[in-house]
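Welcome! Let us walk through a model together, one question at a time.

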Amino acid sequence: MKELYSLVVVSLGVCVMASKYSRESNEPQKAGVGDEQTVEFRISKLNQVWNKALRMQLSPVKQAELHSDLKIQEKAELQWKKWKVEGLDENGEKEAQIRRNFNVILAKYGMDGKRDTRHLESNSLKDHDFQDGDIFEDPKLDKLWNKAKSSGKFTEEELLNLKREFQHHKEKIHEYNILMDTVSRTEEIHKNVISPVEGDGKEQEVQQKHTELKRKMRDLDEGFARLRKLSHEGFIEDSEFREPRVIELWEAAKRANLSNDELDSLKEELHHFEIKVEKHSHYQEQLELSHQKLQHVEALGDKQHIKRNQDKYNTLAEKTRDMGYKMKKHMQDLHNKISGQGLAHNEL
């Protein structure tokens with residue numbers, strides 16, 4: 001009997017240990033009934049950010065974008081934890097980069113504790129609530145756009161494509177401003193650090209951010225030069241790509257030290273990626289429309305219709321998030337392939 005009891009105890013112990021390291025225990029769990037917190041991610045701070053975003057009631061597209069960014073961040077942090085155990089981040093460079101990316105996410109969605117005067121835009125191409133002529137909130141961009149719009153050189157479809165290019169550049173300016181803010185705050189912290197060891201780490205982080213700032217400023221200059229050329233000369237008929245992000249990647253690839261075979265292979269991959277980007281944009285538009293329809297149905301108060309439209313909206317939101325994550329991960333991989341930085345680059 002004593003031997004049987006011991007066997008049962010050991011068996012239970014094995015079950016508990018197996019449960020502790022099982023796939024299920026590491027997967028995000030849905031909150032139970034009455035639990036106000038939604039558990040979407042395997043890292044606590046990311047769940048806190050997500051739940052704060054739900055309370056902020058971001059637009060459906062912005063919420064889906066945040067979810068994709070947090071999934072990218074989660075993957076990077078879990079990978080870094082493995083590297084740390086294996087001693088592959090001795091100088092803390094990867095840790096500093098991951099911390100920087102997290103701070104950029106907070107700033108990007110107005111959750112960094114700072115009153116955000118930067119206008120948060122969705123990726124939608126519909127008209128905004130600004131005066132026509134001030135839609136890009138940047139004097140140089142607005143002036144260039146108005147000149148191109150009134151030039152008569154562009155068809156309606158070409159103007160839409162050009163507007164997409166301008167919108168992309170506006171988002172890059174927004175990202176640059178966010179990074180500049182995080183650099184300024186890191187430098188302030190660095191000034192107040194007393195410990196020499198801690199100070200060295202912060203100084204390295206500041207240097208990395210300044211390097212990235214220079215890269216982003218160079219990208220902005222090249223992007224604006226491209227917009228100016230497009231506005232004056234129009235679109236080239238045999239242009240390889242339509243999507244701004246894909247065009248930008250292709251231009252970077254042509255500047256990189258790649259062989260002809262590598263360029264041909266990358267061009268084919270970029271064509272597949274462009275289809276993915278366009279499909280994601282389509283889903284974002286459908287998500288916005290679905291949300292508007294849901295709001296309309298909710299106002300009517302028909303519970304059956306509300307339930308049906310809520311289910312459709314939830315399915316579409318989940319699909320948009322998943323596609324956004326895959327698209328951003330693919331874009332990250334393409335950046336790495338072009339820059340030759342392996343896993344060191346993380347683009348939001």
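What follows is a conversation between a student and a tutor.

Student: Before we start, what kind of model is this, and how are residues numbered?

Tutor: This is a predicted model, in which local features need pLDDT of at least 70 and side-chain atom pairs count only at pLDDT 80 or more, while totals for chains, interfaces and linings use all residues. Side-chain values use heavy atoms, with hydrogens and water left out, and residues are numbered from 1 along each chain as its sequence is written.

Student: How many helices and strands are there in the protein chain?

Tutor: Helices (H or I, at least four residues) and strands (E, at least two) are DSSP runs numbered from the N terminus. Along the sequence the pattern reads α-α-α-α-α-α-α-α-α-α-α. The count for the protein chain is therefore 11 helices and zero strands.

Student: What share of the residues in the protein chain is buried?

Tutor: Buried means under 20% relative accessible area, exposed means over 50%, and partly exposed is in between (1.4 Å probe, protein chains only). The protein chain has 348 residues, and the buried share of them is 42%.

Student: At what angle do helix 3 and helix 4 pack?

Tutor: Two packed helices are described by the angle between their axes and the distance between the axes. Axes are lines fitted to C-alpha atoms, for helices over the stretch in contact, and angles run from 0 to 180 degrees between N-to-C directions. For helix 3 (residues 44–56) and helix 4 (residues 60–85), the axes are 10 Å apart and the angle is about 175°.

Student: Is helix 3 roughly parallel or roughly antiparallel to helix 4?

Tutor: Angles under 35 degrees count as roughly parallel, over 145 as roughly antiparallel, 65 to 115 as roughly perpendicular and the rest as oblique. The angle here is about 175°. That makes helix 3, relative to helix 4, roughly antiparallel.

Student: Which residues of helix 4 does helix 3 meet?

Tutor: Contact means heavy atoms within 4.5 Å. From helix 3 come K45, L46, V49, W50, A53 and L54, and their partners in helix 4 are Q63, L66, H67, L70, Q73, E74 and E77.

Student: How do the residues of the contact of helix 9 with helix 10 divide?

Tutor: The axes of helix 9 and helix 10 (residues 260–300) come within 10 Å and cross at roughly 170°, so these helices are roughly antiparallel to each other. R245, V246, L249, W250, A253 and K254 in helix 9 meet L263, L266, K267, L270, F273, E274 and V277 in helix 10. Ala, Val, Leu, Ile, Met, Phe, Trp, Tyr, Cys and Pro count as nonpolar, Asp, Glu, Lys and Arg as charged, and the others, Gly among them, as polar. The contact divides into nine nonpolar, no polar and four charged.

Student: Is A253 buried or exposed?

Tutor: A253 is found in helix 9. Leaving aside neighbours within four places in sequence, A253 is in contact with L258, L263, L266 and I338. Its relative accessibility is 0%, so A253 counts as buried.

Student: How many residues apart in sequence are the parts that R164 and E243 tie together?

Tutor: A salt bridge is a side-chain nitrogen of Lys or Arg within 4 Å of a carboxyl oxygen of Asp or Glu, and the side chains of R164 and E243 meet in one (3.9 Å, N to O). R164 lies in helix 7 (residues 156–191) and E243 in the loop between helix 8 (196–233) and helix 9 (244–255), so the parts tied together are apart in sequence by 79 residues.

Student: Which residue forms a salt bridge with K216?

Tutor: K216 lies in helix 8 and its partner in helix 7, so the pair ties together parts that are 41 residues apart in sequence. K216 counts as buried at 13% relative accessibility, whereas the partner counts as partly exposed at 22%. The closest N and O atoms are 3.7 Å apart, and the partner is E175.

Student: How far apart in sequence are K254 and E251?

Tutor: K254 forms a salt bridge with E251, the closest N and O atoms being 3.5 Å apart. K254 is partly exposed, with a relative accessible area of 44%, and E251 is partly exposed at 30%. Both lie in helix 9, about one turn of the helix apart, which is three residues.
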